[in-house]
Amino acid sequence: MNDRKSGKFPLPLSSVIGPRKRQGQDADYRLKEVTPQTAIRNRMQPPVAAKTVPPPSGLPLSLSGSRKSPETIPGAVAMAEKMTALGIRNAMTLAAMRAVPRHLFVADGLRYQAYEDTALPIGHHQTISRPYIVARMIEAVLEGAGGRKLPRVLEIGTGCGYQAAVLAQVADEVYSIERIKALHEQAKSNLRVLRIPNLRLHYGDGMLGLPQVAPFDAIVLAAAGLEVPQALFEQLAVGGHMIAPVGREKQTLQLTKRTGARQWQSVMLEDCHFVPLRQGVV
Ligand code: SAH
């Protein structure tokens, strides 16, 4: 599953390719001490009306780990404004949402919808996540990082690669795992044009994590299991945050902080809807 040829950044082109909390607030982990599989539930997110945003003119040439300022993407700017209206407050998260051209991650026929706040099909019965939920998850794991970039992040479920590209704007190193070979390849090809030097894609079963690269300061799951795999709790750094959709038909975002060598604390944020987390590779 793991590409051992490439342990270092920058990467070669061939390989790349709560109740609601506000910025500066820490999630209230005093609510409950839990073991990794325990969950408590808080509240529902109101549904959001979709609105058509015209496709952007002009594509950014590169996204270089957010050091250079990328070209403005009108659709993404409008989308980030929508995220603000929905309650996203973290400045780094919003800047990352503005910086990534989401239209590059969907099929040509869906590009006119690329900046709507909606999930879209990417083939193989999978979807690109709804922008609000991408922003919400990233904001949640950034809380507690003191406004700084996260050193090392793991994403489970690369899909088309969009969220991985957003994560690469808020982290020094991002590793993303996909279990469907065709999607892993699709993500590589989507991301190649953006030249993101701090992003590494892996083909494999994300339920196992990436033990040889762990620990991670944040882990973001883009697929829902009935519980979060034990290996991922173990691969979270002490002080790090993991966000995961949990459940089957009814799913909730679970935010977990590792507070000690054998201690994790979780809070449930809001309802969500993700594709299922599955074992093994195809
Ligand atoms: N991150 C994507 C969302 C993709 S949908 C985005 O940017 O929008 C979730 C993805 O998780 C699917 O591609 C699915 O194949 C993948 N997935 C499900 N179970 C997995 C597992 N055990 N390991 C790795 N990927 C998994």
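In this predicted model, helix H3 passes helix H4 in a right-handed crossing. The two axes, of H3 (residues 131-142) and H4 (residues 162-170), come within 11 Å and cross at roughly 35 degrees. On the side of H3, the contact is made by Val134, Met137, Ile138 and Leu142; H4 contributes Tyr162, Gln163, Val166, Leu167 and Val170. Sorted by class, the residues in the contact of H3 with H4 comprise 8 nonpolar, 1 polar and no charged.

Both helices also take part in the lining of the largest pocket, since H3 and H4 are among the elements that give two or more residues to that lining. The others are strands S2 (126-128), S3 (150-156), S4 (171-178) and S9 (263-272). Of the elements, S2 gives the most, with 3 residues. The largest pocket holds about 720 Å³ of space and is lined by 42 residues. Those nearest its centre are Thr127, Ser129, Ala222, Phe274 and Val275. The table sets out the lining by residue class.

| Class of lining residue | Number in the largest pocket |
|---|---|
| Nonpolar | 22 residues |
| Polar | 12 residues |
| Charged | 8 residues |

Strand S4, named above as part of the pocket lining, also holds one member of an aromatic pair, Tyr175. A search of the whole structure finds 3 aromatic pairs. One of them joins Tyr175 and Phe216 in an edge-to-face arrangement. The ring centres of Tyr175 and Phe216 lie 6.1 Å apart, and the angle between the planes is 65 degrees. Tyr175 belongs to strand S4 and Phe216 to strand S6 (residues 216-221), so the pair ties together parts that are 41 residues apart in sequence.

Two features of the backbone remain to be described. Most residues other than glycine have a negative phi, and most peptide bonds are trans. The peptide bond from Ala214 to Pro215, however, is cis, with omega near 10 degrees. Pro215 is placed in the loop between strand S5 (199-203) and S6, and S6 is the strand that holds Phe216 of the aromatic pair. The second feature concerns His125, which has a positive phi of about 60 degrees although it is not a glycine. His125 is found in the loop between strand S1 (120-123) and S2, and S2 is the element that gives the most to the lining of the largest pocket.

Conventions
Residues numbered from 1 in each chain as written. Predicted model: local features only at pLDDT ≥ 70, side-chain atom pairs only at ≥ 80, totals over all residues. Heavy atoms only, no water. Axes fitted to C-alpha atoms, helices over the stretch in contact; angles between N-to-C directions. Helix = DSSP H or I, 4+ residues; strand = E, 2+ residues; numbered from the N terminus. Left-handed = near helix turned anticlockwise from the far one by under 90°. Contact = heavy atoms within 4.5 Å. Nonpolar A, V, L, I, M, F, W, Y, C, P; charged D, E, K, R; others polar. 1 Å grid on protein atoms, 1.4 Å probe; cavity = no way out; pocket = protein on both sides within 12 Å on 5 of 7 lines; lining within 4 Å. Points joined across faces, edges and corners; volume = space filled by probe spheres on them. Phe/Tyr/Trp six-rings, centres within 6.5 Å; stacked < 30°, edge-to-face > 60°.
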